[in-house]
Amino acid sequence: MSLSRRSILKGAAATAALTTAPMIMGASHGKPKVVVVGGGAGGATVARYLAKDSKGALDVTLIEPTRTYFSCFFSNLYLGGFRSLESLGHTYGTLASEYGINVVHDWAVGVDRDKKTVSLAGGAALPYDRLVLSPGIDFVDGSVPGWDVTKQNHMPHAYKAGSQTELLKAQVEAMRPGGVFAMVAPPNPYRCPPGPYERVSMVAHMLKEKNPKAKILIFDPKKKFSKQGLFQAGWENSYPGMVDWLDAEFTGALEEVRPESMELVVGGEVTKADVVNVIPAMKAGRIAEQAAITNDKGWAPVVPATLQSREDENIHVLGDSAHQGDMPKSGFSANSQAKVAANAIRGALTGSKVFPAKFSNTCWSLIGTNNGVKVGAAYEATAEKIAKTSGFISQNGEDAALRKQTYEESIGWYAGISKDMFG
Amino acid sequence: MSVWTARIVKAVSLAMVLAVSPASGPVGASEIGDAKTGARLFQVCKACHRVGKDARNSVGPHLNGVFGRVAGSVEAFRYSEGLIRAGADGLIWTADSLDAYLENPKSLVSRTRMNFIGMPSAEDRSHVIAYLRAFSDKPSDIPEAEPTSTATDHAVDPAILAIVGDPDYGEYLSGECLTCHQKSGSDSGIPAITGWPREDFVVAMHAYKTEIRPHPVMRMIAGRLSDEEIAGLAAYFESLE
């Protein structure tokens with residue numbers, strides 16, 4: 001049931017009637033205020049569930065700088081030519097008009113935890129009773145020597161979807177015949193564990209059609225990676241001889257990249273490439289750091305059952321930024337955590353019943369045409385962390401019908417989670 | 001199929017099963033079913049299915065060589081989306097899966113077009129399965145130890161079916177479902193789960209929970225839901241148009 005305008009007004013009236021009685025919870029005047037920073041899989045979902053389930057009893061504000069959100073999930077499929085970029089774009093109109101969420105297109109630049117306010121680049125300071133931070137990731141400065149944000153036009157990261165993804169696609173399309181695509185893969189933990197390797201699959205798919213003699217090199221600081229067996233078998237079958245995965249133990253460490261000359265220095269050797277996709281080390285989105293709730297690794301530790309910051313019970317952290325335990329940093333995880341957090345926040349601010357936390361995740365990846373694979377798990381909240389309870393993974397040797405179905409299922413999931421986030 | 005047509009089909013099929021039930025004595029759980037008795041019981045199935053020499057597809061697919069066949073794979077037969085999905089997920093017709101399907105088709109395959117209430121007697125099912133086994137190419141490949149004959153009870157405990165779910169709790173829990181399944185009832189890529197009769201929902205979830213159904217994500221999700229939680233979800237999703 002979508003929240004109608006009438007029920008919002010009704011909710012508002014009910015809350016108004018209550019204001020003569022002392023507020024049970026929530027320090028501020030009027031309705032308890034929840035401010036959500038970040039309009040992705042965590043933030044959009046938590047805002048929508050808070051507004052929907054509280055039926056107007058909460059004042060929900062969503063701060064998101066972009067007017068059109070391009071999902072990072074499925075952006076590799078755009079690289080491979082399986083999706084248009086437009087099909088990955090989502091706007092916030094329904095959250096405002098159907099759910100009564102105050103959508104503010106601005107950057108959150110500071111959090112005053114004592115005054116309980118969030119300051120915006122535009123100058124406003126928004127008071128909150130509960131703050132939800134779901135800002136995604138930022139890159140660790142200096143993690144790839146020679147690379148910084150000023151070089152991202154030469155060597156795109158394409159790890160926040162949109163113009164960077166378009167740029168990377170254009171560069172791959174313009175590669176000289178028989179050219180080299182090099183990827184600098186990130187160290188753990190990072191957003192979307194299978195993402196770099198799905199990207200390699202999609203680039204290979206495009207090159208196989210347009211530039212079949214081209215090569216793909218992956219320079220990886222890790223000794224193993226997500227769905228490794230599935231990807232490597234898939235590359236061997238679909239793109240034989242095209243992809244080389246080179247771990248640092250074999251090559252020696254990546255010493256630097258040289259964006260001006262399109263070179264990488266690895267284990268003392270210089271490699272020249274035509275396209276270099278640099279995916280640096282990651283940390284929580286900057287606003288989490290500014291709120292001073294991150295640890296020495298740059299992530300924000302949270303209480304598993306509620307996603308509350310370990311540093312501040314009035315702040316919840318969702319998705320990629322959270323240091324929570326066993327869940328991968330994925331859109332699916334952020335969406336799952338958002339529902340648990342929404343339930344906890346609503347319980348704390350309106351006294352509604354709090355149900356036990358349940359978490360799950362599934363990551364689909366596309367290796368080639370109609371060749372989808374998946375990995376997933378269920379999780380529970382223990383005192384110490386979000387702990388994996390059971391899981392599954394696609395197997396090598398599955399028949400074509402199952403792989404096709406898995407791909408179709410991923411398209412269905414994309415449609416489902418988009419609705420769940422944006423209404 | 002609407003709820004009321006389902007009930008009519010249910011009543012009619014039950015009557016048919018009762019009419020042809022043999023008066024034979026009980027069969028031990030580990031004994032092979034009796035193909036001859038199975039042939040008589042198969043009369044019910046014959047309304048839609050052919051088996052034997054020159055058998056062709058009818059309302060339902062022909063059943064020659066059904067053992068070891070991937071569900072939904074008889075050429076030129078137009079299957080339900082649900083059966084095709086089940087086949088792609090890895091459902092193969094074995095004595096065990098046939099037993100579960102004959103007991104209650106919907107517990108194994110949601111929205112199957114097989115409008116059959118199911119055969120409640122495990123004994124009867126073992127006879128029918130023994131009969132069908134004779135029409136498979138290589139019955140010798142089917143080990144005797146395989147439960148061709150065993151009277152496995154897949155039925156969901158009536159006490160579980162009787163649980164009255166709390167739709168509010170179901171609505172909360174539904175958040176997990178709605179990451180993939182759409183509230184609008186879209187059936188593209190991911191099956192629709194809205195507007196199902198409660199009982200269908202409950203038996204389907206228990207079939208994942210007991211791993212009769214193959215889909216790994218659903219096994220995981222259902223595996224950790226309690227009976228009350230499944231009942232709550234069933235109540236909630238039934239209420240959605």
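**Exercise 1. Place Arg191(A) and list its partners in this predicted model.**

*Solution.*
Step 1: locate the residue. Arg191(A) sits in the loop between strand S11 (180-184) and helix H6 (195-210) of chain A.
Step 2: classify its accessibility. The relative accessibility of Arg191(A) is 15%. The cut-off for buried is under 20%. Arg191(A) therefore counts as buried.
Step 3: follow the side chain. The side chain of Arg191(A) reaches the backbone oxygen of Tyr159(A) at 3.1 Å. A polar contact of 2.6 Å also joins the side chains of Arg191(A) and Asp320(A).
Step 4: add the other contacts. Residues up to four places away in sequence are not counted; beyond them, Arg191(A) touches residues including Cys72(A), Gly136(A), Met282(A) and Lys329(A).

**Exercise 2. Compare the make-up of chain A and chain B.**

*Solution.*
Step 1: count the elements. Chain A has eleven helices and 25 strands. Chain B has eleven helices and zero strands.
Step 2: take the burial. In chain A, 57% of the 423 residues count as buried. In chain B, buried residues make up 49% of 241.
Step 3: take the contact range. Consider contacts between residues at least 6 apart in sequence. In chain A, 67% of such contacts join residues at least 24 apart. In chain B, the share is 61%.

**Exercise 3. Is Ser107(B) buried or exposed, and what does it touch?**

*Solution.*
Step 1: Ser107(B) lies in helix H5 (residues 105-108) of chain B.
Step 2: its relative accessibility is 9%, so Ser107(B) counts as buried.
Step 3: leave aside neighbours within four places in sequence. Ser107(B) is then in contact with Ala100(B), Val203(B), Ala204(B), Ala207(B) and Arg213(B).

**Exercise 4. Work out the sheet that contains S24 of chain A.**

*Solution.*
Step 1: set the order. Three strands form an open sheet, S23-S24-S25 in chain A, with antiparallel pairing.
Step 2: find the edges. Strand S23 (359-368) and strand S25 (386-393) of chain A each pair on one side only, and these are the edge strands.
Step 3: take the twist. Neighbouring strands of this sheet are turned by 20° against each other on average, direction ignored.
Step 4: check one pairing. Nine bridges join S23(A) to strand S24 (residues 371-381) of chain A. Ser365(A) stands opposite Val373(A) in S24(A).
Step 5: contrast a parallel pair. Five bridges join strand S1 (residues 33-37) of chain A to S2(A), and these two run parallel. Here Val35(A) stands opposite Thr61(A) in S2(A). Strand S2 (residues 59-63) of chain A is mostly covered, with four of its five residues buried.

**Exercise 5. Describe the interface between chain B and chain A.**

*Solution.*
Step 1: count residues. 26 residues of chain B are in contact with 37 residues of chain A.
Step 2: take the area. About 2500 Å² is buried between the chains, and carbon and sulfur atoms give 57% of that. On the chain B side, Tyr172(B), Thr179(B) and Met220(B) lose the most area to chain A, together 26% of what that side buries.
Step 3: count polar links. There are 14 residue pairs in polar contact, both at pLDDT 80 or more. The count of salt bridges between the chains is one. Lys358(A) forms a salt bridge with Glu229(B), the closest N and O atoms being 3.2 Å apart.
Step 4: assign elements. Helix H3 (81-89), helix H8 (167-177) and helix H10 (216-223) of chain B each supply at least two residues of the side that touches chain A. H8(B) gives the most, with six residues.

**Exercise 6. Which parts of chain A do the salt bridges Arg176(A)-Asp274(A) and Lys374(A)-Glu409(A) link?**

*Solution.*
Step 1: set the scale. The whole structure holds 30 salt bridges over all chains.
Step 2: take the Arg176(A) pair. Arg176(A) and Asp274(A) meet at 2.9 Å, N to O. Arg176(A) is in the loop between helix H5 (163-173) and S11, Asp274(A) in the loop between strand S16 (269-272) and strand S17 (275-278), 98 residues apart.
Step 3: check exposure. Arg176(A) is partly exposed at 44%. Asp274(A) is partly exposed at 27%.
Step 4: take the Lys374(A) pair. Lys374(A) and Glu409(A) have their closest N and O atoms 2.7 Å apart. Lys374(A) lies in strand S24 and Glu409(A) in helix H11 (residues 400-422), so the pair ties together parts 35 residues apart in sequence.
Step 5: check exposure again. Lys374(A) is buried at 4%. Glu409(A) counts as buried at 6%.

Technical notes. Residues are numbered from 1 along each chain as its sequence is written. Chains are lettered from A and ligands numbered from 1 in the order in which they are written. This is a predicted model: local features need pLDDT of at least 70, side-chain atom pairs count only at pLDDT 80 or more; totals for chains, interfaces and linings use all residues. Side-chain values use heavy atoms; hydrogens and water are left out. Buried means under 20% relative accessible area, exposed over 50%, partly exposed in between (1.4 Å probe, protein chains only). A polar contact is a pair of N or O atoms within 3.5 Å; within protein, one must be able to donate a hydrogen and the other to accept it, and residues adjacent in sequence count only if both atoms are side-chain atoms. Contact means heavy atoms within 4.5 Å. Two strands pair if DSSP finds at least two bridges between them. Axes are lines fitted to C-alpha atoms, for helices over the stretch in contact, and angles run from 0 to 180 degrees between N-to-C directions. Buried area is the accessible area (1.4 Å probe) that two parts lose on being put together, summed over both. A salt bridge is a side-chain nitrogen of Lys or Arg within 4 Å of a carboxyl oxygen of Asp or Glu.
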